[in-house]
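Q: Got a minute to go through this model with me? I'd like to talk about empty space first, then the sheets.

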Amino acid sequence: MTTALLATVTAFLAAPRRLLVGADWVEAADGATFDSINPARGERLATVSSAGPADVDRAVAAARAAFDGLWRWVTPMERGSCLWRVGELILAHQEELAQLETLDTGKPLGLARVEVPAAAAMFQYYAGWCTKLEGSTRELSIPGLEFHAYSLRQPLGVVGLITPWNFPIVEAAYKIAPAVATGNTVVLKPAEETPLTALRLGELCLEAGLAPGVVNVVSGFGETAGAALAEHRGVDKVSFTGSTETGRLILRAAAGNLKKITLELGGKSANIVFADSDLDAAVAGSAMAAFFNQGEVCTAGSRLFVQEPVFDAVLDGLCAAAKAMRLGDGLDPAVQMGPLISAEHRRRVAGYVEGAADAGATIAAGGATLGPGWFHEPTVLTGAIPGMPVVDEEVFGPVVTVTPFRSDEEVLAAANATPYGLAAGLWTRDLSRAHWVARRLEAGIVWINTWQMSDPTVSVGGVKQSGWGYDLGPRALDGFLHDKAVVALL
């Protein structure tokens, strides 16, 4: 039995969803719209305005007017109070937001109910930072002269935020909260597949007292609204989360005015199970690493390496976990895995599995597509080797390759043999080994005896082709500030 929709959710879906520009909800300049689709059923959820370059121009102008007007001079305490109220409003509407997130993404409602409070926590964490953005003084070493030298940490201006479809409200919070906490104004372009909670969040930002133009939301497609935002000469920075391929396009588009860039990109994360680990915990954690959020996670543990003495036991446990997972509409409380985001994406994921099987890999569990909706079974592959796309490329679906290894040195070489470096994890009872291996894994974050644990205080950023800069934690603030040096002769 599926969860009944709240009346507020039904009403939100029934009304045309427009763009937030300044204080106004407006149609696209050319009247263009698109449908938001429920991936569990392939049915239309809502009609949404589709922004183009002219709409991005309007939103950037509104953000610039707010920045050049009062917002950059609003006191840190007032900025923090506004952000805290956004968090409170998210919590006050958490069931509504969770239902919208489940409808738009397909993910289980239980997961969405965890993510919505996590988004509120982002706003409230960064609310506390507003009063703690400090410069510093300098002692100069020029003989015979005295100076007073200090630095100011100041906002960049107008920031373009481009977020993905796998964690819509959380990713929006990741980016809006630190950008606004540091005194910037923003134009948010949510993924076209999942615009609904971003638009509702825009309403809550206005209700919380953020000045008109501080947060603008332009729903639309990457090749139109996203490209226009990335190349806009009035935008001082772009923060993007998504694929490495799209990150390269944004980097090129940003070259026009040399705007600053933060890129949180793709991953192909290695997950290592040593023979001395707690096998029950390692199996459960590895299943979560591979299949959490339908595997549509940039930090998914999609390459599982298992030490030979426990390989069969771990493989059997992982296959059993995959086969036991219940797929279905995320509004059903019993469902553990929802659909993939679109029919096109499901074809892509299925293509990786079919290609691996054709190349000699074995499908140990799963492998099938299901309907109605865009479902793909959690899939375990053995015998996949480097050179196969399923091993080398980001699948972004519920697919994991399982490979045996013997020594620490052997598995480190295999784990690091990828152009990506977003996350990695390992399971062992030997803490000396755990920290020795963690130092040598080429990744922005390493989990030991856990996976996918996230907190507002812990920065996330990739190495190699997994990105530039950071989300979360104090380091995220640096990406939205510049240091101004002031030197006065006494």
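Q: Start with the largest cavity. How does its lining divide into nonpolar, polar and charged?
A: This is a predicted model. The lining of the largest cavity has eight nonpolar, five polar and three charged residues.

Q: Which residues are closest to its centre?
A: A270, R303, A415, A423 and E442. They belong to a lining of 16 residues.

Q: And what volume does the largest cavity have?
A: About 80 Å³.

Q: How many cavities of 30 Å³ or more are there?
A: Two. The second largest holds about 60 Å³. Its lining has 13 residues, and those closest to the centre are A300, S302, E394, V395 and F396. The split there is six nonpolar, five polar and two charged.

Q: OK, pockets. How much space lies in the largest one?
A: About 1,400 Å³. It is lined by 47 residues, with W165, E192, E193, S243 and T246 closest to the centre.

Q: Which elements give two or more residues to that lining?
A: Strand 3 (33-38), helix 8 (222-231), strand 10 (237-241), helix 9 (244-253) and helix 12 (343-358).

Q: How does the lining of the largest pocket divide by residue class?
A: 20 nonpolar, 13 polar and 14 charged.

Q: What about the second largest pocket, how much space is in there?
A: About 600 Å³. Its lining counts 28 residues, and the closest to its centre are F167, Y174, F292, Q452 and S454. Helix 5 (109-129), helix 6 (168-181) and strand 20 each give two or more residues to this lining.

Q: Which element gives the most?
A: Helix 5, with six residues.

Q: And the classes in the second largest pocket's lining?
A: They come to 20 nonpolar, four polar and four charged.

Q: Switching to sheets. What is the strand order in the open sheet of seven strands?
A: 14-17-18-13-12-19-20, with mixed pairing.

Q: Which strands stand at the edges?
A: Strand 14 (362-365) and strand 20 (445-448). Each has a single partner strand, so one side of each is left without a neighbour in the sheet.

Q: By how much are neighbouring strands turned against each other?
A: 25° on average, direction ignored.

Q: Now strand 18. Why is it largely enclosed by the rest of the structure?
A: Because five of its seven residues, 399-405, are buried. The cut-off for buried is under 20% relative accessible area.

Q: How does strand 18 run against strand 13 and how many bridges join them?
A: Parallel, with five bridges to strand 13 (303-307). One pairing there is V306 with P404.

Q: And strand 17?
A: Strand 17 (379-382) runs parallel to strand 18 too, joined by four bridges. T382 stands opposite V402.

Q: How do strands 14 and 17 run, parallel or antiparallel?
A: Antiparallel, with three bridges. A365 has V380 as its bridge partner in strand 17.

Q: Which strands does helix 14 lie across?
A: Helix 14 (408-415) lies across strand 12 (270-273), strand 13 and strand 18. The angle to strand 13 is about 175°.

Q: Last one. What order do the strands take in the open sheet of three?
A: 5-6-22, with antiparallel pairing. Strand 5 (137-138) and strand 22 (481-489) are the edge strands, and each pairs on one side only. Strand 6 (147-155) is joined to strand 22 by nine bridges. A149 has V487 as its bridge partner in strand 22.

Terms used:
Residues numbered from 1 in each chain as written. Predicted model: local features only at pLDDT ≥ 70, side-chain atom pairs only at ≥ 80, totals over all residues. Heavy atoms only, no water. 1 Å grid on protein atoms, 1.4 Å probe; cavity = no way out; pocket = protein on both sides within 12 Å on 5 of 7 lines; lining within 4 Å. Points joined across faces, edges and corners; volume = space filled by probe spheres on them. Nonpolar A, V, L, I, M, F, W, Y, C, P; charged D, E, K, R; others polar. Buried < 20%, exposed > 50% of the residue type's maximum accessible area, 1.4 Å probe, protein only. Pairing = 2+ DSSP bridges. Axes fitted to C-alpha atoms, helices over the stretch in contact; angles between N-to-C directions. Contact = heavy atoms within 4.5 Å.
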